Amino acid sequence: MSKIPVMGDDLPATMLAMLGHDFELHPWNVSPENPVLQVVQGLITYGHPHVDGPLLDRCPNVKVVSNHGVGVDHIDVAACTARGVLVGNTPGVLDASTADMTIALLLALARNVVTGDAFAHGPHFRHYDPSNMIGTEVTGATLGIIGLGRIGRQVARRAHGFDMRVLYHGRTRQYAAEQTLNVDYVSLDDLLSQSDFVALNCPLTPETKHLINSQTLAKMKRSAMLINMARGGVIDQDALYTALTTGVIAGAALDVTDPEPLPRDHRLLKLSNLIITPHLGSASDRTRRRMQEMTVENLRAGLRHEPLPYGVQAP
Ligand code: NAP
């Protein structure tokens with residue numbers, strides 16, 4: 001039986017094993033001169049390469065775009081749908097892992113874990129000084145979650161383990177979740193002004209692009225800390241730089257940036273009140289394995305013209 005040509009880059013050995021011998025795998029090369037684009041039937045977006053209408057027009061035989069990850073802001077889903085191309089993602093399975101990382105960054109920021117580690121490794125740590133590196137108490141603090149979806153709800157559950165008061169904001173009020181999760185719905189302004197920690201757990205959409213900007217940052221407490229587990233584009237990074245260097249807010253942690261990665265000489269990389277991790281939200285062993293399985297399940301279903309088990313609908 002002839003192998004089905006698909007395109008996808010940097011796939012780990014575990015995922016290659018799941019794909020087996022059914023596919024002819026081509027590296028991601030979207031150059032119009034690449035003849036593979038004419039024959040390829042499936043696109044595996046591993047590591048978030050962009051897929052848009054012009055690319056799809058160069059790939060007339062593509063039936064399915066299978067994304068490794070839940071966020072699909074790098075894929076023009078409407079352009080796919082208009083061309084009859086199915087889009088799949090990996091929702092749900094990464095909620096716990098991504099929520100864990102949200103809390104990890106919150107704790108690391110609040111309690112100087114990163115700067116403390118560097119200090120303890122360095123030459124200046126000569127004796128224990130009780131006045132050194134006093135952090136912000138997490139227990140009993142107020143957490144504001146922007147985007148109380150699958151991941152945001154898991155963040156709320158974890159925050160209650162620290163006796164935090166949890167506020168949320170989204171476009172839709174979630175009455176059932178308010179009861180089961182003990183969270184309070186507030187306006188965006190109230191969330192920003194009342195929270196000690198603000199966690200971004202929403203998708204990147206035209207509406208959330210630069211949701212955090214100089215105006216919204218100015219509404220936060222000067223002692224507040226911001227955690228971005230969503231997408232880099234949700235924050236206006238120039239405004240964030242100004243806020244972090246002029247005391248508008250106390251600190252930030254970014255698991256995602258725009259662009260990703262930041263240029264190696266970017267000024268944000270020089271700030272000691274900013275933690276950056278390389279998009280590690282869902283990067284835990286069990287979660288990543290399940291994400292790989294779901295990506296392959298979606299690919300196989302799409303190539304058979306079957307509904308995807310984890311399909312994305314155009315907005
Ligand atoms: P989800 O279940 O769809 O939840 C998204 C939440 O965001 C919903 O509650 C939605 O509520 C809210 N939202 C949408 N537009 C909003 C707006 N304009 N203002 C405020 N809230 C808004 O998605 P999820 O699975 O939790 O994933 C969320 C995002 O996390 C993904 O899209 C992805 O970008 C990111 N993510 C990052 C990592 C990482 O490694 N860092 C890993 C996984 C996911 P309403 O519709 O009611 O507003």
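This text goes through the two domains of a predicted model, the interface between them, and one pocket.

The assignment divides the protein into two parts. Domain 1 is made of two stretches of the chain, 4-93 and 286-303, while domain 2 covers 95-276. Taken over C-alpha atoms, the centres of domain 1 and domain 2 lie 32 Å apart. Domain 1 gives 8 residues to the contact, and domain 2 gives 5 residues.

The interface can be described by its area and by its polar interactions. About 560 Å² is buried between domain 1 and domain 2, and 45% of this area is on carbon and sulfur atoms. The salt bridge count between the two domains is 1. A salt bridge joins the side chains of arginine 231 and aspartate 73, with an N to O distance of 2.9 Å. On the side of domain 1 that touches domain 2, the residues comprise 3 nonpolar, 4 polar and 1 charged. Polar contact across the interface of domain 1 and domain 2 is found for 2 residue pairs, with both at pLDDT 80 or more.

The remaining feature is a pocket. The second largest pocket holds about 250 Å³ of space. Its lining consists of Arg111, Asn112, Gly116, Phe119, Ala120, Phe125, His127, Tyr128, Asp129, Pro130, Asn132 and Met133. By class, the lining of the second largest pocket has 6 nonpolar, 4 polar and 2 charged residues. Arg111 and Asp129 are the charged residues in this lining. Among the nonpolar ones are Phe119, Phe125 and Met133, and the polar ones include Asn112 and His127.

Conventions
Residues numbered from 1 in each chain as written. Predicted model: local features only at pLDDT ≥ 70, side-chain atom pairs only at ≥ 80, totals over all residues. Heavy atoms only, no water. 1 Å grid on protein atoms, 1.4 Å probe; cavity = no way out; pocket = protein on both sides within 12 Å on 5 of 7 lines; lining within 4 Å. Points joined across faces, edges and corners; volume = space filled by probe spheres on them. Domains from an automatic or database assignment. Contact = heavy atoms within 4.5 Å. Buried area = accessible area lost by both parts, 1.4 Å probe. Salt bridge = Lys/Arg side-chain N within 4 Å of Asp/Glu carboxyl O. Polar contact = N/O pair within 3.5 Å; in protein donor to acceptor, adjacent residues only side chain to side chain.
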